[in-house]
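Below are some notes on the model you sent, set out as numbered points. They begin with the chain as a whole and then turn to single elements and residues.

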Amino acid sequence: MPATTVLRPRSRTLIIAATVPLALAALLADDVRVRRQLDAARKDPLTGLPDRDALIAAIGHRIGAWAAARGGLAARLGGDEFGAALLLPPTATLREIAVLHEQLEQPVDHNGHILRPAVSIGTARAVDLPDAAGASRLLRGADMAMYRVKTHEKPCGYTATRHDAYTPTVHGRRPGRPGTHLPVG
């Protein structure tokens, strides 16, 4: 092996080692700035109390663990809404939804503040909606079912019907959601 080949890796190693501390210092400074911004964003500007970011993280972790333990997956749909896709036997659905509901409503300790989430769960099963065109129709059904539970029209564990899955949208949103009363413009 020529001497130049032996020197080249050592030279690269020294250059990398010399640049790492500078990059690390820049990341730490940026990290402090970002943490301050996140801390400010996590507090309600009027009350100074923690905002919902800690709850979203806790709920996301809980629903993700629940779904993974049953061979499924979970995702945040946006805002404070989550979805999970998994295979459950029809006889176990109500029991599993009750378990999930109990887990999600457990208090969250955030910086000494006890936060108590209120959770509404709606479900949709592909077997109940055989003509549903893909996941979007199932998701619409689950969303309508969740809304019916949230408004106390139906009990926790309510499973979407065909009518729920095919409820017409208003401006692309479930009737009753914010913005559905506004004119299209």
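1. Of the 185 residues of the protein chain, 25% count as buried, and it should be kept in mind throughout that this is a predicted model. The chain holds five helices and four strands, which follow one another along the sequence in the pattern α-α-β-β-α-β-β-α-α. Among the contacts between residues at least 6 apart in sequence, 47% join residues at least 24 apart.

2. Helix H2 (53–69) is a reasonable place to begin. Its 17 residues should span 24 Å at 1.5 Å a residue, and the end C-alpha atoms are 24 Å apart, so the length of H2 agrees with expectation. The buried residues of H2 are Ala54, Ile56, Ala58, Ile59, Arg62, Ile63, Trp66 and Ala67, a list in which the reader will notice an arginine, Arg62. The cover over these buried residues includes strands E1 and E2, helix H3, strand E3 (108–110) and strand E4. After H2 comes Gly71, which has a positive phi, near 80°.

3. Helix H3, residues 93–104, has twelve residues and reaches 16 Å from its first C-alpha to its last, close to the 16 Å expected at 1.5 Å a residue. Thr93, Glu96, Ile97, Leu100, His101 and Leu104 are its buried residues. They cover an arc of only 140° around the axis, and therefore lie on the same side of H3. Leu94, Arg95 and Glu102, on the other side of H3, are exposed. Part of the cover over the buried residues of H3 comes from H2, just as H3 is included in what covers the buried residues of H2.

4. Which residues make up the largest nonpolar core? The nine are Ile59, Ile63, Trp66, Ala67, Ile97, Leu100, Leu104, Val119 and Ile121. H2 and H3 each supply at least two residues of this core, and H2 gives the most, with four residues. In soluble globular proteins, nonpolar side chains tend to be buried together. As for Val119, its contacts beyond four places in sequence are with His101, Leu104 and Glu105, of which His101 and Leu104 are among the buried residues of H3.

5. The strands E1 (residues 73–78) and E2 (residues 81–85) run antiparallel and are joined by five bridges. They form a hairpin with two residues between them, and Gly79 in the turn has a positive phi of about 55°. One of the bridges pairs Gly78 with Glu81 in E2.

6. Two alanines in this hairpin can be read together. Ala74, in strand E1, has a relative accessible area of 30% and is therefore partly exposed. Leaving out residues up to four places away in sequence, Ala74 touches Ile63, Gly64, Ala67, Gly83 and Ala84; of these, Ile63 and Ala67 are also members of the largest nonpolar core. The C-alpha atoms of Ala74 and Arg62 are 9.7 Å apart, with twelve residues separating the two along the chain. Ala85 lies in strand E2 and, at 48% relative accessibility, also counts as partly exposed, because the class reaches up to 50%. Beyond its neighbours within four places in sequence, Ala85 is in contact with Gly72 and Leu73, and its C-alpha atom is 9.9 Å from that of Arg70, which is 15 residues away along the chain.

7. Is Thr123 buried or exposed? At 11% relative accessibility, Thr123 counts as buried, because the cut-off is under 20%, and its place is in the loop between strand E4 (113–115) and helix H4 (135–150). Its side chain makes a polar contact of 3.0 Å with the side chain of Thr159. Setting aside residues up to four places away in sequence, Thr123 touches Ile97, Ala142, Ala145, Gly157, Tyr158, Thr159 and Ala160. Ile97, one of these, is also a buried residue of H3 and belongs to the largest nonpolar core.

How values were computed. Residues are numbered from 1 along each chain as its sequence is written. This is a predicted model: local features need pLDDT of at least 70, side-chain atom pairs count only at pLDDT 80 or more; totals for chains, interfaces and linings use all residues. Side-chain values use heavy atoms; hydrogens and water are left out. Buried means under 20% relative accessible area, exposed over 50%, partly exposed in between (1.4 Å probe, protein chains only). A polar contact is a pair of N or O atoms within 3.5 Å; within protein, one must be able to donate a hydrogen and the other to accept it, and residues adjacent in sequence count only if both atoms are side-chain atoms. Contact means heavy atoms within 4.5 Å. The expected span of a helix is 1.5 Å times one less than its number of residues. The arc is that of the directions from the helix axis to the C-beta atoms. Two strands pair if DSSP finds at least two bridges between them. A nonpolar core is a set of buried Ala, Val, Leu, Ile, Met, Phe, Trp, Tyr and Cys residues joined through side-chain atoms within 4.5 Å.
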